[in-house]
Amino acid sequence: MPEDRTFFQPREGLQLAFSPGVAEAELNHMYLELNAVDVSDLTRWTPRGLQYQPPHGLTPGVHDLRLIYFDENDQLHEIGSWSLEVRHSEALLSVTLDSQSEVTANARLNERNDSGSRGRNVQAYSEWSGAMETDRWRLQSQAEIAYANRRQQSITGNRLDMPSFSMQARSDWLRVAVGDQRMGQSSLVMNGYQQRGVASDVQLDTLNSSISLFSMSGQRAAGVDDGLGLSDSNDRINGARWDSSWQPGQGHAIQLSATRVTGRISQADAGTWNSGSFTRVNDGEAWNATVDGSFFDRALQVRGERAASEYDFDGHDFGFAPISDDAWSGSLVLDPLPMGQDTPINWQLGAEARKIGGYFRSLANRQLSGDRHGIEFFAAVQRDKWTLDADFLKERNNLDHDPDYARTETRQWSMQLGYSDYEVPDAGSLLEWLGQPSYTLTLDDMQRRDQYTPIGYWPNDLESRGARLEASFARELGYWSAGLGQERLTDNTGWQPDTETRFLQWQAGIDIGDHHQLNLGWQLDQTRYRAGNERVNQQIYTVGGNSQLIPGRLSVSLDLNFSRNDAEEDPFFAQYQDSLYTSGQLHWHIREARPRRPGLDLSLSFSRNTLRDRLYNDPTQHDHQVWLELRTTLPTRYPGGGS
Amino acid sequence: MKIVSMAWILAVATWLAGSSAHAQIISLCEGMNACSSNRGVAVGIDTRVMLSWRGEAIVASPTGGRLVSDQGLFRIGDPRKGETLGSVKSPLFQSIGTQREREKEAVRFTVNETVRVPSEVSRRAADAGATELHFVRQFSMGGDATMIAFQTIPLQPSVPGRDIAAMIDEEPRSTGVRLERVSLLFDRASVTETIDVAETLRAEARIRYQGAGLINAVWEVAMPASIQGDPFFVPIARVRDYLGGTREVTLESPVLPSREAGIYRVRLRVLEPSLVTDELLLSYRVTEESVQQRQRVPTLDMAPPSQLRPIDENTEFRWQPVRDADVYRLEFYDQWPDGELPEGRFNDTMPQQAGFALSPSTGLMVDGGQSSARLGRAVVHRLRPGGSYYWRLVAIDGEGRVLGASPLQSLAIP
């Protein structure tokens with residue numbers, strides 16, 4: 001191996017020259033190891049030397065090469081060992097680019113109750129992922145670009161869009177990221193959802209801390225026209241976060257952090273419905289400070305968070321002034337034998353108390369409900385095949401004792417007992433026929449009672465209780481599962497009806513040989529009004545199957561879904577409807593896609609929907625569609641695989 | 001609640017000469033006769049407010065006078081011309097004094113009433129940006145002379161999401177739950193997703209609500225077969241749960257269909273409490289092989305090793321040949337290479353991971369034309385006696401792409 005080489009490229013071959021005198025017979029006792037993996041079988045051996053061509057690109061970094069020899073007594077002798085640095089070039093440690101592009105053309109062959117939609121659709125989709133690394137920086141990016149000739153066919157509602165993109169540059173002390181990302185950890189002021197925006201983190205040696213600055217769109221989905229999602233000042237949230245951590249001793253760690261967010265929101269999120277939403281601009285700001293402690297090798301974990309907010313609930317420059325409020329939470333978890341330790345029994349105990357003011361609202365966590373003060377205890381025990389989880393919660397509302405509102409206390413508990421067998425059932429036993437079992441029993445109880453009720457209102461005095469048992473069985477050629485449960489609601493005031501819900505379900509997935517699969521399912525939900533014994537039955541039957549007629553080439557699938565909503569006796573909203581959905585697809589995999597070689601698929605799909613209103617005996621409604629789809633797919637990959 | 005009242009006469013009484021009336025209001029809600037109410041109103045809450053109307057009248061008749069107001073109006077903005085948001089039809093009557101010794105001496109009066117401010121009125125006032133509400137009444141004393149007065153009731157922002165109980169006179173409903181906010185997202189906290197065929201994905205509905213009772217909803221999915229035209233939404237699971245605990249709940253969909261490539265739509269249709277919206281809809285795309293998911297590869301079939309006890313250089317591993325395989329790599333790890341050990345048995349039905357962050361402790365690479373391999377001395381030499389290992393086989397094509405991998409299996413070296 002030349003000594004003047006400073007690095008090797010990922011796909012470069014390795015050569016070693018032997019000193020003269022190596023006998024042909026000795027080669028049979030020599031082995032070449034690359035990173036402790038024996039690659040001798042792929043090595044070209046000659047008395048003058050060896051040549052090894054890695055079948056796939058080596059990953060950037062240092063690789064160990066070792067040449068060994070076993071003598072007649074099976075004793076190992078190391079002939080030589082080398083460390084190789086693999087990198088793309090002098091300047092770059094690595095460069096990778098991965099993409100998948102797809103163009104789909106659809107032609108409608110037939111449609112009943114034609115909605116007037118176009119009979120030909122075209123969609124294109126391209127997904128890119130790339131990375132470039134130097135000795136000091138790593139750049140990483142990812143993007144999805146989607147086009148549909150009809151807006152209704154797109155996944156975002158725009159003809160041309162970037163459903164997601166992100167770009168990140170990182171060094172030892174700095175990170176800058178733009179695009180879709182999670183801006184912060186989940187807390188009272190941040191929901192931890194993915195948002196589009198810009199973020200930057202700086203690592204500081206002082207107090208082992210970091211500072212993050214971020215600016216994000218107020219919406220969870222931003223289209224290509226929105227760019228980074230920051231152009232609209234009425235829909236932008238800015239924030240900063242400071243983190244510091246230190247270890248006060250062996251096995252102990254403490255982390256302090258503080259976050260502040262401020263900005264404006266003007267619309268509801270994508271995929272969100274909000275009661276009483278107006279096109280108003282809401283101003284807000286919020287901050288929090290948290291302390292996270294982990295002690296005695298994570299056997300004890302303590303967390304405390306304090307937060308405050310100011311939020312203009314009725315809109316910017318509108319009506320009332322912004323209102324301030326605060327919130328806090330504290331939790332303690334005792335886990336004497338954390339995961340990873342081989343012990344016969346694992347258990348965990350914890351408690352969390354939290355108080356969220358009625359007017360507490362953070363722009364970056366609008367889902368959080370306020371006006372609550374409660375405490376929760378939870379426990380988990382695991383022993384071999386058994387698990388037990390239990391929790392108890394007590395919570396009250398109307399924290400400022402406003403006489404216009406009720407003061408209600410809620411108590412609820414739940415318990416889940418699980419058994420999961422991982423041993424192969426004994427031959428000849430019932431379980432050999434049924435399959436490897438897992439069982440889950442869940443019990444829950446909730447009570448909600450007023451401590452004070454304003455005059456003129458019904459008091460809250462309600463409880464619900466439920467039990468559910470589920471069993472699933474895994475077999476070599478499939479699985480099946482069954483479940484049943486019952487839950488009962490009692491409103492002691494009589495204002496809302498006392499009801500009882502029951503459910504029963506069964507499903508199975510069966511492999512028939514290597515190339516055929518069958519799925520079956522049935523779900524029954526029943527609601528009974530206990531006073532008049534009226535029943536509402538809702539059922540879903542499903543049958544689905546797919547078959548590889550010519551493995552890897554031609555496949556066919558069929559799905560049936562029958563749904564019945566028998567609510568004829570429902571005293572509040574009588575209904576009685578049946579629907580039957582049928583769909584089938586014949587898929588011809590004409591050519592497999594490979595890097596730099598597009599693949600081709602052709603499929604014929606049929607779907608039919610039948611709706612029948614049995615209550616009013618309306619004419620049965622039939623709709624069907626038949627489509628032919630041609631899809632071409634082109635993956636690209638640079639520099640190829642790695643190991 | 002301290003009284004807030006204003007005394008400002010909007011319309012001055014008109015005294016018609018020659019009127020036959022013997023009584024006249026000369027002052028209403030002003031000066032010493034300030035009118036008052038006992039409290040403000042929280043927006044969106046039915047609230048009863050006690051109002052006191054005070055004034056002075058001259059009663060010339062020996063039998064006294066009769067103060068009358070037919071109705072009251074809720075107004076915002078200008079009390080005289082502002083937008084009327086509602087009315088109170090209940091009239092006010094009050095008999096006022098008898099003739100005094102000295103004619104035209106004013107008689108003071110106070111009329112008390114309790115007014116119900118409907119939640120709808122305060123909500124509409126707040127929606128219009130008002131921070132106070134005027135309750136306006138027109139008074140007369142028998143003749144044509146009338147006087148208009150109003151009282152201002154301050155509005156207070158209601159506590160968002162604070163539970164509002166049902167009123168006694170409210171009709172029973174099928175459920176006492178009222179939804180405030182429903183957010184639909186995938187279990188990866190995103191609103192669009194691209195996944196591989198047969199990959200597991202669920203949708204979640206994060207719900208904020210008030211009250212307690214039954215929620216009745218259905219998860220529906222439109223499959224690629226109908227998505228090019230008018231989508232047919234098919235129910236995949238029904239939700240019938242009792243809510244009432246912590247005012248927040250997350251409903252999780254079953255595993256969403258992903259067998260065929262194409263675009264899918266998923267929605268949660270809430271039937272009770274009735275919710276009319278088409279916004280609760282997400283889309284996801286299933287592809288044969290996404291860039292992000294190339295780390296998952298098909299599972300390879302392995303035959304059991306020829307012998308495991310004792311394991312030696314002749315122990316043979318055999319497998320089903322994989323089309324296009326250029327090389328096979330047999331990997332041994334001295335610890336579980338993929339984070340925490342899965343509960344129960346190893347999952348051998350799901351797609352396998354193409355690679356791990358952890359490098360194998362040892363292993364063997366053989367040509368793609370082979371369907372078996374003996375361990376050989378170099379590998380056996382690295383397996384520590386008494387050690388525990390996990391092993392698997394990986395198939396790799398000429399481009400370096402991992403075509404498949406067998407599930408990880410444990411192996412103890414005696």
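Along strand 5 (residues 65-69) of chain B, which side chains point to one face and are buried? Select that strand: G65(B), L67(B) and S69(B) point to one face and are buried, while R66(B) and V68(B) point to the other and are not. Buried here means that 20 or more other C-beta atoms, placed from the backbone, lie within 10 Å of a residue's own (12 or fewer is exposed, in between is partly exposed). In a regular strand the side chains alternate between the two faces of the sheet.

Before going on, some ground rules. What you have open is a predicted model, where local features need pLDDT of at least 70 and side-chain atom pairs count only at pLDDT 80 or more, while totals for chains, interfaces and linings use all residues. Residues are numbered from 1 along each chain as its sequence is written, and chains are lettered from A and ligands numbered from 1 in the order in which they are written.

**Next door to strand 5**

Add strand 8 (residues 92-96) of chain B, which pairs with strand 5 of chain B in the antiparallel sense over five bridges. To count as paired, two strands need at least two bridges found by DSSP. Look for G65(B), which stands opposite I96(B).

**All of chain B**

Zoom out to chain B and you have three helices and 28 strands. These are DSSP runs numbered from the N terminus: H or I of at least four residues for helices, E of at least two for strands. Of the 414 residues in chain B, 44% are buried.

**Helix 1**

Now pick helix 1 (residues 119-127) of chain B, where V121(B), S122(B), A125(B) and A126(B) are buried. Looking down the axis of helix 1, you'll see these buried residues fall within an arc of 130° (taken from the directions from the helix axis to the C-beta atoms), so they line one face of the helix. They pack against several strands of chain B, including strand 6 (72-76), strand 7 (83-88) and strand 9 (106-117). Just after the helix, stop at G129(B), which takes a positive phi of about 90°.

**Into the core**

Where next? Select L184(B), V221(B) and Y264(B): of the 50 residues in the largest nonpolar core, they touch the most other members. Such a core is a set of buried Ala, Val, Leu, Ile, Met, Phe, Trp, Tyr and Cys residues joined through C-beta atoms within 7 Å. Strand 14 of chain B brings the largest share, 12 residues. Click on Y264(B) and, leaving aside neighbours within four places in sequence, look for its contacts, among them V221(B), L256(B) and V286(B). A contact means C-beta atoms, placed from the backbone, within 7 Å. Another core, of 42 residues, lies apart from the largest one, and C29(B), I76(B), A126(B) and M147(B) are among its members.

**A three-strand sheet**

Show strands 20, 21 and 25 of chain B, an open sheet in the order 20-21-25 with antiparallel pairing. Strand 20 (302-303) and strand 25 (372-374) stand at the edges with a single partner strand each, so one side of each is left without a neighbour in the sheet. Between strand 20 and strand 21 (residues 316-319), find A303(B) opposite R318(B).

**Where the chains meet**

Finally, colour both chains: the contact takes 117 residues from chain A and 101 residues from chain B. On the chain B side, strand 12 (residues 176-186) gives the most, with eight residues. For a last stop, select strand 3 (residues 37-38) of chain A and strand 24 (residues 362-367) of chain B, which pair in the parallel sense over two bridges. Here D38(A) stands opposite L364(B).

Terms used: Contact = placed C-beta atoms within 7 Å.
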